[in-house]
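User: I would like to learn how to read the features of a model like this one, step by step. Could we go from the overall fold down to single residues?

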Amino acid sequence: MSASANPTTTRIDPATGPLSGHVLCPPDKSISHRCALFGAMSQGRTVIERYLVAQDTLSTLAAVESLGARVQRDGDRVVIDGVGLRGLTAPGGIVDVGNAGTLLRLLAGWIAGVPGLVVTLDGDASIRTRPMGRVIDPLRLMDAQIDATNDRFAPVTVTGGTLRGIEYTLPVASAQVKSCVLIAGMLAEGETTVVEPVASRDHTERMLAAAGAPLTRDGDRITIRTTDAIELGDTRVPGDPSSAAFPIAAALIVPGSTVHVDEVSTNWTRAGFVHIARRMGAQIEGPVEAPGTPHTTPEVTTTLSVTHGPLRGTTVEADEVPLAIDELPLVALLGCFAEPGEITTVTGAQELRVKETDRIAAVAEELGALGGKITPTDDGFIVEGTGGLIGGTLHSRGDHRMAMIGALAGLASAKGVDVVDMEAADVSYPTFLDDLAALRSR
Ligand code: S3P
């Protein structure tokens with residue numbers, strides 16, 4: 001969501017006591033997007049339990065519906081009658097992706113491989129600033145026809161055609177780009193291989209392999225062959241580790257707290273935050289998958305139990321960044337609450353500059369305004385622990401994760417925080433404030 005024209009201000013008062021209780025982790029955003037897309041690509045019917053009902057993933061349901069799939073939703077239960085891999089139609093010719101970068105990048109790969117289809121993909125003001133060259137370049141190598149604003153930004157018009165398989169080494173460690181090329185690879189002639197410089201979330205690999213796509217992985221090389229059909233099958237969406245990170249962080253910064261987050265995915269490609277927080281001294285009980293667990297393993301969930309305690313600094317480097325990319329702003333928040341003088345450094349995270357907002361500038365300026373000592377760098381930040389924050393006003397900048405960070409800062413600060421445009425949280429975690437209130441009231 002781009003910053004609303006007349007954003008409201010939400011006051012978050014400091015907690016008057018420890019947080020306690022259970023939070024049911026919201027369904028995973030990345031997997032929900034993929035369920036809608038792969039369900040639409042399937043031949044038959046797919047039933048999805050615990051689909052994420054939030055702005056981003058509702059955009060995906062609307063998008064696949066406008067491209068010919070039949071979508072029925074009852075709460076968080078979604079039934080999709082797919083159109084098949086090559087059965088897309090686009091009577092409207094335009095798809096609105098809202099604020100959803102994942103939808104924009106993955107859909108481009110699908111449309112590019114369906115001859116006769118011409119679709120313009122557009123979204124909100126933030127989406128028009130997100131780099132699209134990273135998917136346009138490999139798709140053009142596959143012979144795709146794409147026009148974009150300044151050749152690099154949405155609106156993007158994709159004209160479907162016959163694609164050829166390629167071998168592509170990702171210049172950035174991006175699961176969205178990897179997924180876009182693999183989806184196009186299913187429609188392309190021959191074989192497509194994506195080489196990952198650093199591991200990133202592997203939901204596409206797990207889901208497509210389980211859906212019968214001819215996908216194999218050998219070290220950092222993922223290969224997919226042309227195929228006629230996939231069948232996603234009925235799916236229950238696991239809880240989102242990126243959303244779980246918010247109640248986890250809340251427990252780590254409000255003294256005396258013990259919080260349990262239920263149904264969190266244990267997928268190792270999403271577990272970076274748990275490892276980083278543990279290095280900072282956080283007591284987080286609960287299993288996560290061993291690094292390198294193969295993509296043929298089903299997604300499982302667990303309860304993570306978190307107890308407040310003193311935090312120290314840590315260093316996060318490039319190879320860990322994709323495994324915690326969406327949680328790095330929270331690492332900055334934890335860094336502020338580390339013992340005085342403890343230093344937390346994040347490097348190799350220049351990708352943060354091209355998220356829903358420039359998250360390096362946003363954490364440095366917004367948490368700085370609340371009393372945090374954060375120095376931005378080209379590819380990350382350096383945080384000096386002060387044991388807490390004073391409070392004040394935080395502007396979410398229309399970024400869901402910044403809005404939720406503002407609320408956590410309010411809870412654990414001396415004076416509380418006024419969060420401008422808290423509604424931005426609806427993009428991924430619409431029940432966030434309710435969950436926080438429930439933890440406060442116990
Ligand atoms: C996502 C991948 C990540 C992440 C985003 C969701 C996905 O983006 O930041 O929130 O679902 O594949 P990049 O692939 O651009 O790093």
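Analyst: What follows is a walk through a predicted model, from the whole chain to its salt bridges and backbone.

User: Where should I begin, and how many helices and strands does the protein chain have?

Analyst: Begin with the secondary structure, which here amounts to 12 helices and 23 strands in the protein chain. The radius of gyration is 21 Å, close to the 22 Å that the globule rule gives for 442 residues, so the chain is as compact as a globular protein of that length. As for its outline, the C-alpha atoms fill a box of roughly 60 × 40 × 40 Å when the principal axes are used.

User: What share of the residues of the protein chain counts as buried, and what does the accessible surface come to?

Analyst: Burial is judged by relative accessible area, with under 20% as the cut-off for buried and over 50% for exposed. Of the 442 residues, 60% count as buried, while the accessible surface comes to about 15,000 Å², with 50% of it belonging to carbon and sulfur atoms.

User: For contacts between residues at least 6 apart in sequence, what percentage join residues at least 24 apart?

Analyst: In this chain 77% of those contacts join residues at least 24 apart. Thr 46 serves as an example, being found in strand S3, which covers residues 45–49. Leaving out residues up to four places away in sequence, Thr 46 touches Gly 39, Val 78, Val 79 and Ile 80, and also Leu 232, Gly 233 and Asp 234. Its relative accessible area is 0%, and Thr 46 is therefore buried.

User: Which residues does Arg 73 contact, beyond its neighbours within four places in sequence?

Analyst: Arg 73 sits in strand S4, residues 70–74, and its contacts outside that window are Val 53, Leu 58, Leu 61 and Val 78. Its relative accessibility is 43%, so Arg 73 counts as partly exposed. Val 78 is among the contacts of Arg 73 and also among those of Thr 46. For a sense of distance across the model, the C-alpha atoms of Arg 73 and Glu 365 are separated by 40 Å, with their positions 292 residues apart along the chain.

User: Turning to charge, how far apart are the mean positions of the positive and negative charges, and how many salt bridges are counted?

Analyst: There are 36 positive and 54 negative charges, and their mean positions are 0 Å apart. The count of salt bridges comes to 32, taking a side-chain nitrogen of Lys or Arg within 4 Å of a carboxyl oxygen of Asp or Glu as the criterion.

User: What can one learn from a single pair, such as Arg 221 and Glu 167?

Analyst: It helps to ask where the two partners lie in sequence as well as how close their atoms come. The side chains of Arg 221 and Glu 167 meet at 3.1 Å, N to O. Arg 221 belongs to strand S13 (residues 221–225) and Glu 167 to strand S10 (residues 167–169), so this salt bridge ties together parts that are 54 residues apart in sequence.

User: Are the partners in the pair of Arg 217 and Glu 196 buried or partly exposed?

Analyst: The closest N and O atoms of this salt bridge are 2.8 Å apart. Arg 217 lies in strand S12 and Glu 196 in the loop between strand S11 and helix H6, so the pair ties together parts 21 residues apart in sequence. With 29% relative accessibility, Arg 217 counts as partly exposed, whereas Glu 196, with 2%, counts as buried. A similar reading can be made for Arg 128 and Asp 122, whose closest N and O atoms are 2.6 Å apart: Arg 128 is partly exposed at 42%, and Asp 122 is buried at 16%.

User: Which residues are linked in a network of salt bridges?

Analyst: Such a network joins Arg 201, Asp 326, Glu 356, Arg 359, Asp 399 and Arg 401.

User: Finally, which backbone features deserve attention?

Analyst: Most residues other than glycine have a negative phi, and most peptide bonds are trans. Here, the bond from Ala 154 to Pro 155 is cis, with omega near 0°, and Pro 155 is found in strand S9, residues 153–159. Phi is positive for Glu 263, near 65°, a residue of strand S15, and for Arg 397, near 60°, which is placed in the loop between strand S22 and helix H11. Glu 263 counts as partly exposed at 23% relative accessibility, and Arg 397 counts as partly exposed at 28%.

Key
Residues numbered from 1 in each chain as written. Predicted model: local features only at pLDDT ≥ 70, side-chain atom pairs only at ≥ 80, totals over all residues. Heavy atoms only, no water. Helix = DSSP H or I, 4+ residues; strand = E, 2+ residues; numbered from the N terminus. Rg over C-alpha atoms; globule rule 2.2 N^0.38 Å. Buried < 20%, exposed > 50% of the residue type's maximum accessible area, 1.4 Å probe, protein only. Contact = heavy atoms within 4.5 Å. Areas by Shrake-Rupley, 256 points an atom, 1.4 Å probe, with all protein chains shown as cover. Lys, Arg positive; Asp, Glu negative; His and termini not counted. Charge placed at Lys NZ, Arg CZ, Asp CG, Glu CD.
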